[in-house]
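This briefing goes through one protein chain, topic by topic, for a reader who has the coordinates open. Please keep the structure in view while working through the points below.

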Amino acid sequence: FFMNSPRISVIIPAYNRADLLPRTIDSVARQTLLPDEVIIVDDESPDDTKAVCEQLINTYKGKLNIIYTRHEVITGHSLILMMNGCLTNCRGRLCS
């Protein structure tokens with residue numbers, strides 16, 4: 001059934017979401033069809049988002065390919081620029 005499945009990338013924008021990221025990644029990990037990569041895009045969170053991402057990378061090593069990226073805040077349209085950058089660099093044929 002899944003032999004010819006397309007490559008899938010999951011992109012998760014995160015700003016001050018250290019408390020929600022474990023639940024989000026756990027949900028991704030419980031899917032029937034796992035993504036080829038999970039890209040967490042941090043928009044300079046002042047909370048513990050980076051530390052939580054590092055823990056999640058270690059926790060799900062071998063099950064999920066979690067990629068953490070941190071973008072500096074850009075004046076105006078920073079979320080749009082971040083997401084466009086992720087879409088350009090993701091390897092999946094399908095992005096969510």
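Ala51 is found in helix 2, and in this predicted model its C-alpha atom is separated by 8.2 Å from that of Ala18, a residue 33 positions away along the chain. With a relative accessible area of 36%, Ala51 is partly exposed, because that value falls between the 20% and 50% cut-offs that set the buried and exposed classes apart. The points that follow turn to the packing of the helices, the overall architecture, other pairs of residues, the salt bridges and a backbone feature.

**Packing of helix 1 and helix 2**

- Two packed helices are described by the angle between their axes and the distance between the axes.
- For helix 1 and helix 2, the latter covering residues 49–59, the packing angle is about 30° and the axes are 10 Å apart.
- Helix 1 and helix 2 are therefore roughly parallel to each other, since an angle under 35 degrees is placed in that class.
- The crossing in which helix 1 passes helix 2 is right-handed, and the contact is made by Leu21, Pro22 and Ile25 on the side of helix 1, together with Thr49, Val52, Cys53 and Leu56 on the side of helix 2.
- Sorted by character, the residues of this contact comprise 6 nonpolar, 1 polar and no charged.

**Overall architecture**

- The protein chain has 3 helices and 4 strands, and, read from the N terminus on, its elements follow the order β-α-β-α-β-α-β.
- The protein chain has 96 residues, of which 34% are buried.
- Among contacts in the protein chain with a separation of 6 or more, 84% are accounted for by residues 24 or more positions apart.

**Other pairs of residues separated along the chain**

- Thr24 has its place in helix 1, and its C-alpha atom is separated by 8.8 Å from that of Ile12, with the two positions 12 residues apart along the chain as counted by their separation.
- Thr24 is partly exposed, its relative accessible area being 31%.
- Pro13 lies in strand 1, and although Pro13 and Thr69 are 56 residues apart in sequence, the C-alpha to C-alpha distance between them is 9.7 Å.
- Pro13 counts as partly exposed, at 42% relative accessibility.

**Salt bridges**

- How many salt bridges does a search of the whole structure find? The search finds 2 salt bridges.
- One of these salt bridges joins Asp42 and Arg70, whose side chains meet at 3.1 Å, N to O.
- This pair links distant parts of the chain, with Asp42 in strand 2 (residues 37–42) and Arg70 in strand 3 (residues 66–70), 28 residues apart.
- Is Asp42 buried or exposed? Asp42 is buried, with a relative accessible area of 0%, whereas its partner Arg70 counts as partly exposed at 42% relative accessibility.
- Arg30 forms a salt bridge with Asp26, and the closest N and O atoms of that pair are 2.9 Å apart.
- Arg30 is exposed, with a relative accessible area of 61%, because the exposed class begins over 50%, while Asp26 counts as partly exposed at 29% relative accessibility.

**A backbone feature at Asn16**

- Most residues other than glycine have a negative phi.
- Asn16, although not a glycine, has a positive phi of about 55°.
- Asn16 is found in the loop between strand 1 (8–14) and helix 1 (21–29).
- At 27% relative accessibility, Asn16 counts as partly exposed, because the value lies above the 20% limit under which a residue is called buried and does not reach the 50% over which a residue is called exposed.

Methods:
Residues numbered from 1 in each chain as written. Predicted model: local features only at pLDDT ≥ 70, side-chain atom pairs only at ≥ 80, totals over all residues. Heavy atoms only, no water. Helix = DSSP H or I, 4+ residues; strand = E, 2+ residues; numbered from the N terminus. Buried < 20%, exposed > 50% of the residue type's maximum accessible area, 1.4 Å probe, protein only. Salt bridge = Lys/Arg side-chain N within 4 Å of Asp/Glu carboxyl O. Axes fitted to C-alpha atoms, helices over the stretch in contact; angles between N-to-C directions. Parallel < 35°, antiparallel > 145°, perpendicular 65-115°, else oblique. Left-handed = near helix turned anticlockwise from the far one by under 90°. Contact = heavy atoms within 4.5 Å. Nonpolar A, V, L, I, M, F, W, Y, C, P; charged D, E, K, R; others polar.
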